[in-house]
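Here are a few short exercises to work through with the model open beside you. Try each task before reading its solution.

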Amino acid sequence: MIVSRTALQNELRELEFTLKDLNLYLDTHPTDLSALTEYNTTSNKRDVAKTHYEKLYGLMEIGSNEEQPRWDWISTAWPWEERANEVDTGSSETCRIGAADGRTAGEVGDMAGKGIYAEAVLEGVEL
Amino acid sequence: MWNYEKMLQYPIKIKNANPKLAKFILTQYGGPNGELGASLRYLSQRYTMPFDEAKGVLSDIGTEELGHLEMVGTIVHQLTRNLTPEEVKRQGFGEYYVDHGLGIYPQDAGGTPWSAASMASSGDVIADLQEDLAAEQKARAVYDNILRLADDPDVREPIKFLREREVVHFQRFGEVLRKAQDMQGKRKFF
């Protein structure tokens with residue numbers, strides 16, 4: 001069971017990123033059942049992770065189910081503060097954002113939409 | 001309505017201040033191709049979209065852009081924290097500092113404040129979607145330029161993430177545009 005705040009937050013981030021990406025994909029592919037299944041699975045995992053996080057570290061969002069013993073919404077780290085974005089020592093320096101199988105942001109983004117639009121750009125500039 | 005989640009879409013923790021770089025990156029907060037304009041463009045255009053996919057994509061990408069606005073604001077904030085007056089002067093940040101201190105203000109890299117003239121909302125599905133495709137490419141190009149100017153990996157990683165999202169949004173807008181064109185081909189009225 002993950003307990004470090006950073007690790008929990010990154011787990012939640014990864015799930016929410018996957019959800020967001022599936023959200024956009026499903027907007028233009030509303031009948032893709034395998035994407036819909038992935039959305040539903042991810043959504044359930046995200047609810048579990050969010051509840052777990054909020055139980056230990058306070059509200060992530062106003063109106064969550066977690067009962068608040070005191071009002072710490074204002075005192076927990078704000079997103080732009082460095083303390084809100086600690087990096088776990090020993091793990092990769094960058095958030096492994098993407099799907100649970102370790103696909104990168106770009107790979108997840110392109111998971112089913114290998115259309116003419118993205119390809120032209122991805123070949124783009126050397127960085 | 002919107003709910004606020006107290007977390008960045010991608011983590012940002014910048015160890016070293018760099019006000020010169022902050023001034024470049026500020027253009028993605030309030031410049032002509034930045035995230036403020038992107039969110040307002042999509043969230044304004046969606047009212048006249050004639051079919052569901054378009055309403056969904058504009059609402060959901062517009063919402064994600066608000067999260068990106070928060071990320072860019074965070075990068076600029078962390079690059080300019082705890083500056084001494086000497087550092088402000090030495091690093092070319094004086095012109096900004098004298099008007100805004102270390103506050104985050106929507107302007108481009110040259111100091112021009114954000115303007116609604118940098119976006120369109122035409123009420124026409126084809127015109128708006130073509131503008132959106134161009135907007136994503138222009139934003140991607142600006143992130144490319146930033147990546148050429150930024151060495152700090154703490155800055156480059158979130159910028160690369162933002163750049164990647166522009167490409168994904170371009171993909172989704174392209175799919176919506178194709179749908180709009182198919183519907184026009186069927187002489188379906190908007």
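Two residues are in contact if their C-beta atoms, placed from the backbone, lie within 7 Å. Keep in mind throughout that this is a predicted model.

**Exercise 1. Find what share of the contacts in chain A with a separation of 6 or more comes from residues 24 or more positions apart, then do the same for chain B.**

Solution. Start with chain A: residues 24 or more positions apart supply 51% of its contacts with a separation of 6 or more. Turn next to chain B, where the corresponding share is 78%.

**Exercise 2. List the secondary structure elements of each chain, then state what percentage of its residues is buried.**

Solution. First, count elements in chain A: there are four helices and zero strands, in the order α-α-α-α from the N terminus. Second, chain B has eight helices and zero strands, and its pattern reads α-α-α-α-α-α-α-α along the sequence. Third, apply the burial cut-off, which asks for 20 or more other C-beta atoms within 10 Å. In chain A, 26% of the 127 residues count as buried; in chain B, buried residues make up 45% of 190.

**Exercise 3. Decide whether the radius of gyration of chain B agrees or disagrees with that of a compact globule.**

Solution. Begin with the expectation: for 190 residues, a compact globule would come out near 16 Å. Chain B has 18 Å, so the value agrees. For the extents, the C-alpha trace of chain B spans about 65 × 35 × 30 Å along its principal axes.

**Exercise 4. Trace the largest nonpolar core and follow I25(B) within it.**

Solution. The largest nonpolar core holds 51 residues, and I25(B), V72(B), I75(B) and V76(B) are among those with the most contacts inside it. Now see which elements give two or more residues to this core: from chain A, α1 (5-28) and α2 (33-57); from chain B, α1 (19-25), α3 (35-45), α4, α7 (125-149) and α8 (153-185). Finally, set aside the neighbours of I25(B) within four places in sequence; I25(B) is then in contact with V72(B), I75(B), V76(B) and I146(B).

**Exercise 5. Locate N82(B), describe its phi, and say whether it is buried or exposed.**

Solution. Look in the loop between α4 (52-79) and α5 (85-90) of chain B, where N82(B) lies. Its phi is near 55 degrees, a positive value in a residue other than glycine. Most residues other than glycine have a negative phi. To settle the last part, count neighbours: N82(B) has 7 other C-beta atoms within 10 Å, so N82(B) is exposed.

Notes: Residues are numbered from 1 along each chain as its sequence is written. Chains are lettered from A and ligands numbered from 1 in the order in which they are written. This is a predicted model: local features need pLDDT of at least 70, side-chain atom pairs count only at pLDDT 80 or more; totals for chains, interfaces and linings use all residues. A residue is buried if 20 or more other C-beta atoms lie within 10 Å of its own, exposed if 12 or fewer, and partly exposed in between; C-beta atoms are placed from the backbone. A nonpolar core is a set of buried Ala, Val, Leu, Ile, Met, Phe, Trp, Tyr and Cys residues joined through C-beta atoms within 7 Å. The radius of gyration is taken over C-alpha atoms; the globule rule is 2.2 Å times the number of residues to the power 0.38.
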